[in-house]
Amino acid sequence: MMDKTSSTSLLRTKSDQLVEAIAAAMGGGTKSSPMNGDGTVGGGSETLSRKSSRRLTGASPGRSGIGKNNTHIRKSRSAQLKFDLDEVTSGAALSRASSASLGLSFSFTGFTVPPDEIADMKPFSDDDTPEDIETGTRKMKIQAEPTLPIYLKFTEVCYKVVIKGVTSTREKEILTGISGSVDPGEVLAMMGPSGSGKTTLLSLLGGRIKEPTGGSITYNEQPYSKHLKSRIGFVTQDDILFPHLTVRETLTYAARLRLPKKLTKEEKQKRAIDVIYELGLERCQDTMIGGSFVRGVSGGERKRVCIGNEIIINPSLLFLDEPTSGLDSTTALRTIEILHDIAEAGKTVITTIHQPSSRLFHKFDKLILLGKGSLLYFGKASEAMVYFSSIGCSPLISMNPAEFLLDLANGNLNDVSVPSELEDKVQIGNSDRETGNGKPSPAVVQEYLVEAYETRVAESEKKKLLAPMMIDEELKSKIFTTKREWGASWFEQYSILFWRGLKERRHDYFSWLRITQVVATAVILGMLWWQSGGDSPKQMQEQSGLLFFIAVFWGFFPVFTAIFTFPQERAMLNKERSADMYRLSAYFLARTTSDIPLDLILPVLFILVVYFMAGLTHDACAFFLTVLTTFLCIVAAQGLGLAIGATLMDIKKATTLASVTVMTFMLAGGYFVKEVPVFISWLRYLSYNYQTYKLLLKVQYKEKNDWVDGIKVGNGVKEVSTLLAMVFGYRLLAYISLRRMKLHSGT
């Protein structure tokens with residue numbers, strides 16, 4: 001009994017000594033930035049209770065393996081604490097350790113560690129588990145490929161926009177005097193409430209917006225130039241991807257378009273596969289991306305595909321706009337860990353983030369806190385709490401550091417200590433400077449925080465930024481290249497974009513809804529004009545109504561399909577053109593020609609049904625000429641839709657204009673009005689309905705009669721020439737409109 005008592009006493013003594021040693025090691029950090037055991041910031045001083053350390057939990061994982069030499073040790077990878085296991089004997093107690101940087105909460109449970117297992121134990125770290133948190137699969141480490149290191153500095157950056165009203169024009173200041181820097185191997189996070197200017201600052205640094213209205217931005221001490229595009233990756237907040245392409249196809253097309261010409265097609269495809277495994281996407285590589293109406297990959301996988309689209313070119317700078325928005329905490333953590341892996345490979349990573357968890361917050365190297373376009377803090381993320389404590393702002397309750405900082409940026413001092421200097425500024429009874437609960441108003445808090453940063457930190461930081469960096473001239477010169485380099489030749493770009501467009505849109509063209517619409521219309525027309533063919537003028541006049549409807553239907557249908565082409569793809573075009581993926585001419589020609597094979601199939605099906613049911617001219621030549629005429633009408637109408645869509649770039653406006661135009665062309669088509677007044681007769685020559693109608697009459701009745709339904713049937717040369725002029729003329733107008741369209745600056 002005596003031995004048992006002494007053994008228990010020894011166990012408790014060892015446990016207490018362990019607690020005291022850890023508490024002493026944390027003593028300095030808890031003074032300036034107090035933390036609670038749950039990983040949140042605390043308001044007062046916290047101590048570790050010895051009573052909790054003496055609790056023995058029977059259900060502990062550490063005890064469940066006794067007798068089977070299957071001892072479990074629960075530990076947190078992020079804590080990375082090393083204990084002297086020689087002092088932890090068979091009666092020692094250790095269950096888990098929460099993150100040291102976020103505060104600790106220990107519970108100790110006795111267990112026995114066999115000596116041979118102690119010898120095999122290694123210090124644990126984040127790199128010990130290469131599993132994909134979301135999918136549970138192992139992933140490859142981000143390859144540390146050689147890349148040009150770029151040191152980014154920005155000083156006193158200001159940005160204003162001009163807001164045009166009905167009667168007046170005014171300037172709005174978005175950013176005011178923002179300064180900071182980030183080096184290769186670092187992750188810089190930009191935080192702030194909505195509307196604080198995070199995305200604007202990110203776009204300025206990434207070259208997606210014109211030069212700032214004030215201040216300077218340098219890359220290895222050099223200003224921005226178009227040649228930097230090939231060294232910059234930019235992940236937008238919205239996931240801009242083609243929904244019907246698979247993960248593998250998306251990354252393969254990106255690799256073939258963006259990687260240097262010197263690489264072969266096979267090498268580019270291998271690089272795409274490597275990125276898939278690096279990002280842990282191998283399980284979903286053959287799954288469609290998906291969208292609003294198409295089931296596809298998860299949100300986390302979609303975000304990783306967007307990141308993969310950018311890191312596939314091995315960029316020196318990687319910009320990300322809120323990469324964790326809409327993701328759960330586990331997937332968000334996985335995403336940020338990927339960014340850390342990318343930074344460790346020598347890249348410079350800059351990201352905006354809205355409200356990270358406490359675990360995410362402590363993974364950032366540097367932090368910029370913005371409030372209403374002003375700089376509230378720039379420095380190491382780990383020192384942010386120390387700084388705000390030094391100016392009198394400390395949390396009074398347990399709080400996530402990021403939540404605390406965002407409250408400050410919003411001017412919200414609930415559950416936050418009010419600095420004495422700020423209290424002195426608030427006049428009692430002054431409603432403008434004080435809220436209803438006696439706290440300073442948000443505007444006063446904002447003013448105090450900006451002033452505090454400028455007086456305490458800003459000057460020293462500016463001196464560091466203004467000091468010249470010791471960068472080799474070779475690194476400076478590599479920022480610029482002698483000429484613009486494309487990843488593929490013009491023909492290769494055209495070929496890749498053609499097949500990509502064909503794969504993406506085949507699902508829309510051959511949907512059951514569209515096929516049913518075309519076939520049902522054809523059957524109804526066939527029944528209404530059932531075997532209506534004949535040689536008499538009355539029969540020809542009656543059948544001419546069917547021919548006019550064919551001209552109207554295939555002149556109306558393609559216009560309202562083509563209108564949506566460029567407005568819907570504008571975001572993708574912006575993104576890919578900003579990254580210099582391809583020439584606009586290659587995209588335009590591929591986009592318009594990839595629709596042609598798809599546009600030909602449904603009209604042939606339509607004509608096959610209508611032609612024989614209605615009893616049109618039973619002649620092979622007449623049949624094929626009818627198909628060819630219909631196809632010419634479709635291509636001309638499609639050109640009109642492309643031109644309207646590209647010119648207006650607004651679906652509502654484009655639809656309205658197209659409705660009026662198509663209706664006008666239909667009325668001037670020669671069927672409803674035979675004698676058009678002279679002053680408006682020119683409309684007929686602009687109407688593809690009129691030209692198509694005359695060609696169909698010529699194909700069907702040239703051998704029977706020269707006049708049908710009051711229209712002279714000619715040789716068709718003028719009509720064909722007019723339609724061909726429309727085919728190329730409308731498309732030229734669309735291309736010019738796209739060329740003049742304002743993409744992101746720097747394209």
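## A walk through a predicted chain

Trp682 is found in the loop that connects helix H24 (651-667) with helix H25 (683-686), and in this predicted model the residue is a convenient place to begin. Trp682 is partly exposed, because its relative accessible area is 47% and the partly exposed class lies between 20% and 50%. Together with Phe679, Ile680, Tyr685 and Leu686, Trp682 forms a nonpolar patch on the surface, and these residues have about 570 Å² of accessible area together.

From this local feature the view can widen to the chain as a whole. The secondary structure comes to 27 helices and eleven strands, and of the 747 residues of the chain, 51% count as buried. The accessible surface of the chain amounts to about 35,700 Å², of which 56% belongs to carbon and sulfur atoms. When contacts with a separation of 6 or more are considered, residues 24 or more positions apart account for 73% of them.

The interior is described next. The largest nonpolar core holds 100 residues, and within this core Leu152 and Phe388 touch the most other members. The largest share of this core, nine residues, comes from H15. Apart from this core lies another one, of 51 residues, which includes Phe498, Cys633, Ile644 and Tyr688. Returning to Leu152, and leaving aside its neighbours within four places in sequence, one finds this residue in contact with Gly180, Ser181, Val182, Leu205, Ile217, Thr218, Tyr219, Leu317, Phe319 and Ile350.

Helix H15 spans residues 442-466, and Glu461 has its place there. Glu461 counts as buried because its relative accessibility is 15%, and the buried class takes in values under 20%. Once the neighbours within four places in sequence are set aside, Glu461 is in contact with Phe378 and Tyr453.

The strands offer a further route through the model. Strand E2 (residues 169-182) runs antiparallel to E1, and ten bridges join the two; E1 and E2 form a hairpin, with four residues between them. In this pairing, Lys153 stands opposite Ser181 in E2, and Ser181 is also one of the residues in contact with Leu152. Strand E1 covers residues 152-164, and Glu156 is placed within that strand. The phi angle of Glu156 is near 50°, which is a positive value in a residue other than glycine. Glu156 is partly exposed, with a relative accessible area of 30%.

A positive phi value also appears at Asn220, where the angle is near 55°, again in a residue other than glycine. Asn220 is placed in the loop between strand E4 (214-219) and strand E5 (232-235). With a relative accessibility of 0%, Asn220 counts as buried, whereas Glu156 is partly exposed.

The last stop is Arg739, which has its place in helix H27 (residues 717-740). Arg739 is partly exposed, since its relative accessible area is 44%. Leaving aside the neighbours within four places in sequence, Arg739 is in contact with Arg577, Leu584 and Ser585. The C-alpha atoms of Arg739 and Ala646 are separated by 9.6 Å, although the two residues are 93 residues apart along the chain.

Methods:
Residues are numbered from 1 along each chain as its sequence is written. This is a predicted model: local features need pLDDT of at least 70, side-chain atom pairs count only at pLDDT 80 or more; totals for chains, interfaces and linings use all residues. Side-chain values use heavy atoms; hydrogens and water are left out. Buried means under 20% relative accessible area, exposed over 50%, partly exposed in between (1.4 Å probe, protein chains only). Two strands pair if DSSP finds at least two bridges between them. Patches are made of residues with over 30% relative accessible area and no salt bridge: like charges are joined within 9 Å, nonpolar side chains (Val, Leu, Ile, Met, Phe, Trp, Tyr) within 5 Å. Accessible areas come from the Shrake-Rupley method with a 1.4 Å probe; for residues, only the protein chains shown count as cover. A salt bridge is a side-chain nitrogen of Lys or Arg within 4 Å of a carboxyl oxygen of Asp or Glu. Contact means heavy atoms within 4.5 Å. A nonpolar core is a set of buried Ala, Val, Leu, Ile, Met, Phe, Trp, Tyr and Cys residues joined through side-chain atoms within 4.5 Å.
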